[in-house]
Amino acid sequence: MSTSGALAGKVALVAGATRGAGRAMAVELGRAGATVYATGRTTRERVSEVGRASETIEGTAELIDEAGGTGVAVPTDHLEPEQVRELVDRIDREQGRLDILVNDLWGGDYFVQWDKKMWEHDLEAGLRVLRLGMESHIVTSRYAIPLLIRQRGGLVVEVTDGTAEFNTRYRKPFYYDLAKSAPIRMTLGLSEELPEYGATALCLTPGWLRSEFMLDTAFKVTEENWQDGSAQNPHFAISESPTYVGRALAALACDPDVARFNGSSLSSGGLAQEYGFTDVDGSAPDAWRYITEVEQEGKPADVTGYR
């Protein structure tokens, strides 16, 4: 499906648009013609504790412009309510509306102690994970939704890792599991509270995301030769570019009947089947079905029928 120009006149806030899925979603909303406010903590002057100076919100805004939208970079720590209030006031002052809110805030991987039991995990680090993955979303919705519901048709998207069905499994460790389950429950609550205002809430997850970190640090490959990563982990063959979930979001935002997904947990792979878009290489990976049916079952890596 083509979304080019379909969001002209629409205003979006992508909270957590510095890199990865957030950056790609902001860019694809821009490609569809939206004005996109891209927020995050890493700028060309300051780097967050994630420690990646190579990706900035200014860089994201430039990519939005190049894609055909209007990008506005606003440095924001979404754990600071006053900063979020000022951000929303600025959107109101400059645009007078907000049509799409994307809560993609994270940055918690830096603090997760992946091999620790709950009682072994550093408490302060664990609580920081919860603040980054849960509290930041709540603060942002608290201030942004009143602007979004001024006109009917608003869309709130909670971004997480894993579908509701897949996340019935324990996503160890303890704090990660809580942080990635919470957006699904947030969606459920908002899906009950928003419809009377003509707004929709849904949850969206990418599959195995080839983020910047996954490429240059975890697998030491590039987007051009990412398949070489399968030599380290053969299941990496099901991975997807961030653009894939960006296209999923754009398709949802352009769908006049998006309210049918109110309260739903959706994936890039599932939505590709719904809307007919593909990843940048023309394939349509269905990562969560693959992970469930192949990787979790201990079968040899084979993406036949899954992308």
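The points below describe helix packing and nonpolar cores in a structure that is a predicted model.

1. The pairing of helix α1, residues 20-31, with helix α7, residues 242-254, is a useful place to begin, and here the two pack at an angle of about 45° with their axes 7 Å apart. Angles under 35 degrees count as roughly parallel and 65 to 115 as roughly perpendicular, with the rest, short of the antiparallel range over 145, being oblique; α1 and α7 are therefore oblique to each other. The crossing in which α1 passes α7 is right-handed.

2. On the α1 side of this contact are Gly20, Ala21, Ala24, Met25, Glu28 and Leu29, and they meet a set of α7 residues that includes Pro242, Val245, Arg247, Leu249, Ala250 and Ala253. Sorted by class, the contact of α1 with α7 has 9 nonpolar, 3 polar and 2 charged residues.

3. Leu29 deserves a second look, since the largest nonpolar core has 38 residues, and Leu29, Leu202, Leu204 and Leu271 are the ones that touch the most other members. Helix α7 gives the most to this core, with 8 residues. Leaving aside residues up to four places away in sequence, Leu29 touches Leu249, Ala250 and Ala253, and also Leu7, Ala12, Val14, Ala34, Val36 and Ile100. A second core, separate from that one, has 19 residues, among them Val72, Ala144, Leu148 and Val156.

4. Helix α2, residues 57-67, has Ile57, Glu58, Gly59, Thr60, Ala61, Ile64 and Ala67 as buried residues, and the buried residues of α2 pack against α1 as well as against β2 (35-40) and β3 (70-75). After α2 comes Gly68, and the phi of Gly68 is positive, near 115°.

5. Helix α4, residues 123-148, and helix α5, residues 174-193, form another packed pair, with an angle of about 15° and axes 9 Å apart. α4 and α5 are therefore roughly parallel to each other, and their crossing is right-handed.

6. The contact between these two helices draws on α4 residues including Leu123, Leu127, Leu130, Met134, His137, Ile138, Ser141 and Ile145, and on α5 residues including Tyr175, Tyr176, Leu178, Ala182, Met186 and Leu190. By class, the contact of α4 with α5 has 15 nonpolar and 4 polar residues, with no charged residues.

Key. Residues are numbered from 1 along each chain as its sequence is written. This is a predicted model: local features need pLDDT of at least 70, side-chain atom pairs count only at pLDDT 80 or more; totals for chains, interfaces and linings use all residues. Side-chain values use heavy atoms; hydrogens and water are left out. Axes are lines fitted to C-alpha atoms, for helices over the stretch in contact, and angles run from 0 to 180 degrees between N-to-C directions. Helices (H or I, at least four residues) and strands (E, at least two) are DSSP runs, numbered from the N terminus. A crossing is left-handed if the near helix is turned anticlockwise from the far one by less than a right angle, and right-handed if clockwise. Contact means heavy atoms within 4.5 Å. Ala, Val, Leu, Ile, Met, Phe, Trp, Tyr, Cys and Pro count as nonpolar, Asp, Glu, Lys and Arg as charged, and the others, Gly among them, as polar. A nonpolar core is a set of buried Ala, Val, Leu, Ile, Met, Phe, Trp, Tyr and Cys residues joined through side-chain atoms within 4.5 Å. Buried means under 20% relative accessible area, exposed over 50%, partly exposed in between (1.4 Å probe, protein chains only).
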